[in-house]
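Here is a quick tour of a protein fold, taken piece by piece. Have the structure open and follow along.

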Amino acid sequence: MSVLVEKLVLEPSESYPLYMLATRYSANPPPTTNSLDDYTLICLHATGSHKESWEVTIKHLLNLRRERETHGYPRIREVYSIECPNHGESAILNAEILAKHFPDNWSVREYTRAAHSFLTAGLSRGARVAFRKRKIVALGHSLGAVALFYMHEMRPRISFTAVIALEPAFCPTTDYPDCGDIIRKLVAWSWLRPNVWPSRKAALRDLSRHPKFRTWDPDALRSYVDYALSMHPASQLPKPYTFDGVIVSTPREHEFATYRSDDFVGAPVEASAITSKQMPVHLIWGGVHDVLTSHLKHFISNCMPSASIYFMEGAGHMIIQEKPQLVANKIHDLLLSFSPIKAML
């Protein structure tokens, strides 16, 4: 089955000052009819990532659903991956606005606010979808998961059938034993990560050998090179000053500003607890504790006593990049478990 991929743009407005970009994925050809029970999936990404980081997982999931489609089970109608406005392609489009309003600061709640703006834009703007009438399952990776936990603060309220949180990253306090080491590790990564290459081919070759990237699924790595990189700004300079290389689209200073957000500390404890009381929450952790420690993962899990918990063997914090097919399998199983037919069997 092929997958239809569409880029969506929500322009700035009085309700939200930044451009919002998202990618919509759907089966091609689409189903002849849609049911009110069909799921719409909303995906939010991690810090330093981009909207297409979910693409390999999404394509596996849509193909899996088609292969295993059973009469009476809800289908996936569409999947929307919404980009944080200071990341990826959005960071380029928003460069002037970010420089004016967010020069050295960014909060997790800003991603929440942006996603909420996209989901409530109505039938005449953005996706042109009445999301509040859809049966939505929200998926968030790291930053994206925490942003979803804050969604309960937004009005008008958006009802989710469930939240699937992959490696949600937050600390109870700044002096929590693991917090300082984790922050130092992430800050170092944001400044030291590879950033510029003479070509996409060179980037793929370099990253496939890099310790932080060589654990990634090959399709996920190619997707990163295709979508997370853009033409270097110096490509616009006159010769002989031009440089026709590529650069990571998310500026280092915006990645660093996001890591510094106070919204990662303290408040997510209550926000995650409230979310888990309002709707089912399913936690998917990597079995490799390369960023978040085992102790912190168990602390976060305990904030949501009713949540289901799953550890994926062989996956680290970048779980959707390392094990996209296994993540798709797990999401598929969770979607099946939501079905009332499944519950009766």
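## The parallel pair E5 and E6

Let's start with strand E5 (residues 135-141), which is joined to E6 by six bridges, the two running parallel. One place to spot the register is Ile 136, whose bridge partner in E6 is Phe 160. Keep in mind that this is a predicted model.

Strand E6 covers residues 160-166, and six of its seven residues are buried, so the rest of the structure largely encloses it. Just ahead of E6, in the loop that follows helix H5 (143-149), sits His 152. Is His 152 buried or exposed? It's buried, at 16% relative accessible area, because the cut-off for buried is under 20%. Setting aside residues up to four places away in sequence, His 152 touches Arg 157, Ala 271, Ile 274, Thr 275 and Gln 278.

## The eight-stranded sheet

Zooming out, E5 and E6 belong to an open sheet of eight strands, in the order E1-E2-E4-E3-E5-E6-E10-E11 and with mixed pairing. Its edges are strand E1 (2-10) and strand E11 (308-312), each of which pairs on one side only. On average, neighbouring strands in this sheet are turned by 20° against each other, ignoring direction.

Elsewhere in the sheet, strand E2 (residues 20-28) and E4 run antiparallel, joined by four bridges. Here Tyr 25 stands opposite Val 79 of E4.

## Cys 84, just past E4

Follow strand E4 (76-82) out towards helix H2 (88-93) and you'll meet Cys 84 in the loop between them. Cys 84 is buried, with a relative accessible area of 0%. Beyond its neighbours within four places in sequence, Cys 84 is in contact with His 45, Ser 90, Trp 106 and Tyr 111. Take His 45: it is 39 residues from Cys 84 in sequence, while their C-alpha atoms are 7.6 Å apart.

## Cysteines without disulfides

How many disulfides does the structure hold? Zero. A disulfide would be a covalent bond between the sulfur atoms of two cysteines. For Cys 303, the closest cysteine sulfur belongs to Cys 171 and lies 11 Å away, too far for a bond; the cut-off used here is 2.5 Å.

Cys 303 also counts as buried, at 10% relative accessibility. Cys 179 is buried too, with a relative accessible area of 1%.

## The three-stranded sheet

There's also an open sheet of three strands, ordered E7-E9-E8 with antiparallel pairing. Strand E7 (196-197) and strand E8 (229-231) form its edges, each pairing on one side only.

E8 and strand E9 (residues 246-248) pair over three bridges in the antiparallel sense. Within that pairing, Leu 229 sits opposite Val 248 of E9.

## Helices H7 and H8

Last stop: a helix pair. Two packed helices are described by the angle between their axes and the distance between those axes. For helix H7 (residues 200-207) and H8, the angle is about 145° and the axes are 10 Å apart. H7 passes H8 in a right-handed crossing. On the H7 side, the contact is made by Arg 200, Ala 203, Leu 204 and Leu 207. H8 contributes Leu 221, Arg 222, Tyr 224, Val 225 and Asp 226.

Helix H8 spans residues 218-227, and its buried residues are Ala 220, Leu 221, Ser 223, Tyr 224 and Val 225. What caps the N-terminal end of H8? That's Asp 217, with a side-chain oxygen 2.9 Å from the backbone nitrogen of Asp 219.

Terms used
Residues numbered from 1 in each chain as written. Predicted model: local features only at pLDDT ≥ 70, side-chain atom pairs only at ≥ 80, totals over all residues. Heavy atoms only, no water. Pairing = 2+ DSSP bridges. Buried < 20%, exposed > 50% of the residue type's maximum accessible area, 1.4 Å probe, protein only. Polar contact = N/O pair within 3.5 Å; in protein donor to acceptor, adjacent residues only side chain to side chain. Axes fitted to C-alpha atoms, helices over the stretch in contact; angles between N-to-C directions. Left-handed = near helix turned anticlockwise from the far one by under 90°. Contact = heavy atoms within 4.5 Å.
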